[in-house]
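Biologist: Please take the charged pairs in this model and walk me through them closely, then show me what surrounds them. I'd like to be able to follow along on screen.

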Amino acid sequence: MDTRFSVLFLFLLSWTSFTTTEAYDALDPTGNITIKWDIISWTPDGYVARVTIFNYQQYRHIESPGWQLGWTWLKKEVIWSMVGAQATEQGDCSKFKGNPPHCCKKTPTVVDLLPGTPYNQQISNCCRGGVVSSWAQDPATAVSAFQISVGQSGTTNTTVRAPRNVTLKAPGPGYTCGPAKTVAPTKFFSDDKRRKTQAMLTWNMTCTYSQFLARKTPTCCVSLSSFYDKTIVPCPTCSCGCQNNSQTGTCVDQRIASVIQASSGKNNHEPLLQCTQHMCPIRVHWHVKTNYKEYWRVKVAITNFNYNMNYSLWNMVAQHPNFDNVTQLFSFNYKPLSPYAGINDTAMLWGIKFYNDMLSQAGPLGNVQSELLFRKSPSKFTFDKGWAFPRRIYFNGDNCVMPPPDSYPWLPNATSKLAATSPFIVLLIITFFSVLILIM
């Protein structure tokens with residue numbers, strides 16, 4: 001009996017001691033990044049391949065400074081040349097006479113070329129600095145590609161070997177890539193669409209994202225307010241860290257913000273945050289603004305508290321049961337997401353190009369906002385019990401910290417009912433204990 005209890009205890013302990021790195025996303029269950037490696041021709045000592053990165057994630061994009069793709073060669077392969085990308089290091093190519101290879105490292109790391117690259121160094125879908133849109137925002141720019149010439153690799157389908165241990169930083173950690181799998185060869189159409197060719201061999205590698213692997217703390221939080229309650233529910237304290245224990249070890253007082261803004265440069269993924277109670281780089285505020293006879297209006301404001309980051313191509317995902325009846329949005333793009341058939345309660349919002357598609361660093365310009373107009377559904381609409389507030393919110397693909405439900409703004413009649421009920425409960429308790437004492 002003792003042995004069985006010990007085994008059961010150890011089993012339960014093992015479940016509680018593991019840290020989850022599950023990459024499944026309930027709002028984008030099939031989202032992933034697929035890397036397609038197409039061998040399009042053979043060379044005397046290897047092959048030429050076209051490598052394409054497809055971002056099939058609905059709302060998680062790759063922002064500046066862009067993706068970094070790495071792998072390990074199985075044999076003694078070298079990269080003779082590249083078009084549309086480059087290896088970050090050449091490595092030791094001293095054994096080669098004449099023109100050395102582009103890269104001789106066994107574990108190369110490749111990055112996209114920057115905009116403005118000469119045309120003779122480009123191929124289609126390259127040269128955007130590694131920035132890749134999410135699939136829902138813009139499928140045309142949710143693809144990145146480059147061409148690579150590999151030597152010392154084998155020259156047939158049976159002698160060539162796929163790269164191993166593929167890693168993807170986009171731009172930081174968070175992605176886990178599976179092994180290469182041989183799939184049906186990719187087919188290519190000529191420019192006039194009249195001829196079709198196919199790859200000699202095609203490998204697919206699938207990478208999935210986990211917020212737990214990407215960073216130790218959340219990156220955003222949610223605050224709430226409404227027209228029917230003067231209380232503003234702030235982000236929970238220490239949602240993303242505390243002032244004396246932030247990721248950078250310090251934070252910036254808002255009173256010296258002008259000095260910080262003057263010294264800010266390019267994006268830095270080490271956050272420099274404005275001092276707040278929540279210490280999150282991003283706060284999303286949901287305000288229930290107006291109640292009409294047949295409609296109701298919400299104002300959404302997104303504020304950047306990070307002095308080291310401008311969020312280009314930002315997006316926000318919100319889940320609320322009334323998104324099946326959204327009527328109009330002002331100054332945001334909108335697309336419904338339906339991860340489950342027949343349920344339309346999730347929406348993706350993002351900025352309008354050249355207007356508010358970039359969320360500037362912390363400061364006077366570090367916010368974007370819009371209003372949403374919903375048509376009331378008589379069967380389910382109510383302001384009671386926090387129904388008007390979102391169930392969850394994501395910013396740039398990361399789940400935001402929500403306030404606890406018992407802190408949501410209350411309807412005035414609900415508050416008065418609670419206040420009226422409380423003295424009765426207290427009186428009932430006093431009476432109960434009084435009777436109990438008399439009986440004893």
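Modeller: First, some vocabulary: a residue is buried under 20% relative accessible area, exposed over 50%, and partly exposed in between, using a 1.4 Å probe and protein chains only. This is a predicted model, so local features need pLDDT of at least 70 and side-chain atom pairs count only at pLDDT 80 or more, while totals for chains, interfaces and linings use all residues. Residues are numbered from 1 along each chain as its sequence is written, and side-chain values use heavy atoms, with hydrogens and water left out.

For orientation, the protein has 4 helices and 26 strands; these are DSSP runs numbered from the N terminus, at least four residues of H or I for a helix and at least two of E for a strand. Of its 440 residues, 45% are buried.

Now to your charged pairs. Opposite charges on side chains can pair when the charged atoms come close. I call it a salt bridge when a side-chain nitrogen of Lys or Arg is within 4 Å of a carboxyl oxygen of Asp or Glu. The structure holds 6 of these.

Start with aspartate 398 and arginine 215, whose closest N and O atoms are 2.5 Å apart. They come from distant parts of the chain, 183 residues apart: aspartate 398 is in strand S26, and arginine 215 is in the loop between helix H2 (211–214) and strand S14 (220–226). The two ends sit in unlike surroundings: aspartate 398 is buried, at 5% relative accessibility, whereas arginine 215 is partly exposed, at 31%.

Next, go to strand S24 and its neighbourhood. Arginine 375 bridges to glutamate 294, with 3.5 Å between the closest N and O atoms. Arginine 375 belongs to S24 (residues 367–375) and glutamate 294 to the loop between strand S16 (282–291) and strand S17 (295–304), so this pair ties together parts 81 residues apart in sequence. Both partners are partly exposed: arginine 375 has a relative accessibility of 34%, and glutamate 294 has a relative accessible area of 40%.

Stay on S24 for another pair. Glutamate 371 forms a salt bridge with arginine 297, and here the closest N and O atoms are 2.8 Å apart. Glutamate 371 is in S24 and arginine 297 in S17, so parts of the chain 74 residues apart are tied together. Here both ends count as buried: glutamate 371 at 15% relative accessibility and arginine 297 at 16% relative accessible area. There's a third member too, since salt bridges with shared partners join Lys289, Arg297 and Glu371 into one network.

What surrounds these pairs? Go back to the loop that holds arginine 215, which leads to strand S14. In S14, 7 of the 7 residues are buried, so the strand is largely enclosed by the rest of the structure. In a regular strand, side chains alternate between the two faces of the sheet. In S14 both faces are covered: Cys220, Val222, Leu224 and Ser226 are buried on one side, and Cys221, Ser223 and Ser225 on the other.

S14 has strands paired with it, where pairing requires at least two bridges found by DSSP. S14 runs parallel to S16, joined by 7 bridges; within that pairing, cysteine 221 has arginine 283 of S16 as its bridge partner. S14 also pairs with S15, this time antiparallel and over 2 bridges, with serine 226 partnered by aspartate 229. S14 and S15 make a hairpin with 2 residues between them.

Follow the chain on from S15 (229–233) and you enter the loop towards helix H3 (257–263), where cysteine 238 is found. Its phi is positive, about 60°, although it isn't a glycine. Cysteine 238 is partly exposed, at 31% relative accessibility.

Back by aspartate 398, there's one more backbone detail to click on. Asparagine 396 is in the loop between strand S25 (392–395) and strand S26 (398–399). Asparagine 396 has a positive phi as well, near 50°, and it is buried, with a relative accessible area of 14%.
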